[in-house]
Every structure is written in C-alpha cells, then in structure tokens.
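Here is a short walk through one protein chain, starting with a helix and ending with the whole fold. Keep the structure open as you read.

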Amino acid sequence: MSSFAKALSPAVREIRILCCQSGPASSGTRQFITSHYPTLKQHNPDLPILIRQAKGTPARVFARFERGQEKHVEVEGLSSSDVASKISQLLNLS
C-alpha cells in the first residue's frame, strides 16, 4: 500500500481498471480497488482513474502515458497484493 501513498509521475495520464463484478478470478482486483483506490486518488486527485466492471470481463489494468502510449497488465486470478505489485510495475513504482 505504501507504493501508492505518493503522487505518480506526471507522465501517467490515466489508469483504467477492468474486472468482473462477481467472478472469483476478479476478487483480488476488487479487493485492490477497495483497499488502494482511496489512497491512490488522495495523492493523485487530478488523475483519471476509471473502474469498469462488467460480467465476464477478464481483470486487466491499463495505463495511458504522455504522447498516447498505453501499456497494460493481466491481473486475472491474482490476489490483492499481487495486483498491487503488477500495477506498481506497470507504473514503474518499484
């Protein structure tokens, strides 16, 4: 949780989190949203953080950077701490 308790690089323009609202493979992602979103948003109030939940959607996280560059990671079936680790790697926080 501490890696999200700071402002992200200005190069990060948007974060999108996609998951299933009821599927067991997305439970770690839903838990990540519940526990880390408030801290992440508190330290990055102007950063759009979009959460999209739809039945059957595989859990993924997208990050859009300056000049339109996008990267994503698959977080399907991972625990909340593993999701946090993958997002940290995606955002180059580690």
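## What helix α2 leans on

In this predicted model, the buried residues of α2 pack against α1, β3 (60–65) and β4 (70–74). Which residues of α2 are those? Helix α2 spans residues 80–90, and its buried residues are Ser 80, Val 83, Ala 84, Ile 87, Ser 88 and Leu 90. They sit on the same side of α2, because they cover an arc of only 155° around the axis.

Just past the helix, have a look at the backbone: α2 is followed by Asn 92, and the phi of Asn 92 is positive, near 60°.

## Two spots to click on

Start with Gln 31, which you'll find in helix α1 (residues 27–43). Is Gln 31 buried or exposed? Neither, quite: its relative accessible area is 42%, so Gln 31 counts as partly exposed, since the buried class stops under 20% and the exposed class begins over 50%. If you'd like a distance to check on screen, the C-alpha atoms of Gln 31 and Ser 3 are separated by 16 Å, with the two positions 28 residues apart along the chain.

Now go to Asn 44, in the loop between α1 and β2 (49–53). Despite that loop address, Asn 44 has a relative accessible area of 8% and is therefore buried. What does Asn 44 touch, leaving aside residues up to four places away in sequence? Its partners are Lys 6, Ala 7 and Leu 8. Asn 44 and Ala 5 are 39 residues apart in sequence, with 9.3 Å from C-alpha to C-alpha.

## The chain as a whole

Zooming out, the protein chain has 2 helices and 4 strands, and from the N terminus on they run β-α-β-β-β-α. With a radius of gyration of 12 Å, close to the 12 Å that the globule rule gives for 94 residues, the chain is as compact as a globular protein of that length. Its C-alpha atoms fill a box of roughly 35 × 25 × 20 Å along the principal axes.

How much of the chain counts as buried? That would be 43% of the 94 residues. Among contacts between residues at least 6 apart in sequence, 68% join residues at least 24 apart.

## Surface and charge

The chain exposes about 5200 Å², and carbon and sulfur atoms supply 49% of that area. As for charge, there are 12 positive and 7 negative side chains, and the centres of the two sets lie 2 Å apart.

How values were computed
Residues are numbered from 1 along each chain as its sequence is written. This is a predicted model: local features need pLDDT of at least 70, side-chain atom pairs count only at pLDDT 80 or more; totals for chains, interfaces and linings use all residues. Side-chain values use heavy atoms; hydrogens and water are left out. Buried means under 20% relative accessible area, exposed over 50%, partly exposed in between (1.4 Å probe, protein chains only). The arc is that of the directions from the helix axis to the C-beta atoms. Contact means heavy atoms within 4.5 Å. The radius of gyration is taken over C-alpha atoms; the globule rule is 2.2 Å times the number of residues to the power 0.38. Accessible areas come from the Shrake-Rupley method with a 1.4 Å probe; for residues, only the protein chains shown count as cover. Lys and Arg count as positive and Asp and Glu as negative; His and the chain ends are not counted. The place of a charge is taken as NZ of Lys, CZ of Arg, CG of Asp or CD of Glu.
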